[in-house]
Amino acid sequence: MKVVLLEDVLNVGKAGDIVNVKDGYGRNFLIKNKKGLPGTKENIAEAERQQELKRQQQAEEKQAAIELAKTIDNTTLKIVEKAGEDGKLFGSVTSKDIAEALEKAEGIKVDKRKVALDSPIRNVGRIEVRIKTYAGVEGNLTVVVEAAK
């Protein structure tokens, strides 16, 4: 029996998938509990249309993420912090600071969790920071940390 899943079902499939299941399982569990629809021509056609729309949307999101990564690659972010004479900062620059400064200076909004910073920046200088924009798509942001005068 073909069933169009309305929600994710463990060991069966994800929402929108068209799956083959045993007749009893499909009728007595999936359809009865509103976890799936019978695999009629109309339901299958609608599910395939929805899957195609979802694929197109994901492709558009990925393309936008690639464009954002290119923009980030060409961006140099300047952060001014208090520092001692030896170049050590009084404190540190964290991924949150970088995300906020990037939004303020360039208008590029990124989540602080997407800023791949191994450890906080504690010295003045030039640092390359990876920023994840989408699954498998990253941009390299050049961060210049300067001492406040």
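## Helices, a sheet and some salt bridges

Let's start with one side chain: E52 has a relative accessible area of 36%, so E52 counts as partly exposed. Keep in mind that this is a predicted model. From E52 we can move on to its partner, then to the sheet and the helix α3.

**Salt bridges in helix α2**

- Which residue does E52 pair up with in a salt bridge? Its partner is R55, and the closest N and O atoms are 3.2 Å apart.
- Both R55 and E52 sit in helix α2, three residues apart, which is about one turn of the helix.
- R55 is partly exposed too, with a relative accessible area of 45%.
- Helix α2 also holds E46 and R49, again three residues apart, or about one turn.
- The side chains of E46 and R49 form a salt bridge, at 2.8 Å from N to O.
- E46 comes out as partly exposed at 36%, and R49 is partly exposed at 44%.
- Here's the handy rule behind this spacing: an α-helix has 3.6 residues a turn, so residues three or four places apart point the same way.
- Across the whole structure, a search turns up seven salt bridges.

**The open sheet**

- Four strands make up an open sheet with mixed pairing, and their order is β4-β9-β8-β6.
- The edges are β4 and β6, each of which pairs on one side only.
- β6 and β8 run antiparallel and are joined by two bridges.
- A116 has R130 in β8 as its bridge partner.
- Helix α2 (residues 41-73) packs on this sheet, where it touches β8 and β9, and its direction makes about 30° with that of β9.
- Helix α3 packs on the sheet as well, touching β4, β6, β8 and β9, with its direction at about 115° to that of β4.
- R130 has a second job for us to look at: its side chain meets that of E138 in a salt bridge, at 2.9 Å from N to O.
- Both ends of that salt bridge are partly exposed, E138 at 37% and R130 at 34%.

**A closer look at helix α3**

- The 12 residues of α3 (residues 95-106) should span 16 Å at 1.5 Å a residue, and the end C-alpha atoms are indeed 16 Å apart.
- Which residues of α3 are buried? They are I98, A99, A101 and L102.
- Looking down the axis of α3, the buried residues fall within an arc of 170°, so they line one face of the helix.
- What covers these buried residues includes β4, β5, β6, β7, β8 and β9.
- Right after α3 comes G107, with a positive phi near 75°.

Terms used. Residues numbered from 1 in each chain as written. Predicted model: local features only at pLDDT ≥ 70, side-chain atom pairs only at ≥ 80, totals over all residues. Heavy atoms only, no water. Expected span 1.5 Å × (residues − 1). Buried < 20%, exposed > 50% of the residue type's maximum accessible area, 1.4 Å probe, protein only. Arc of directions from axis to C-beta. Contact = heavy atoms within 4.5 Å. Pairing = 2+ DSSP bridges. Axes fitted to C-alpha atoms, helices over the stretch in contact; angles between N-to-C directions. Salt bridge = Lys/Arg side-chain N within 4 Å of Asp/Glu carboxyl O.
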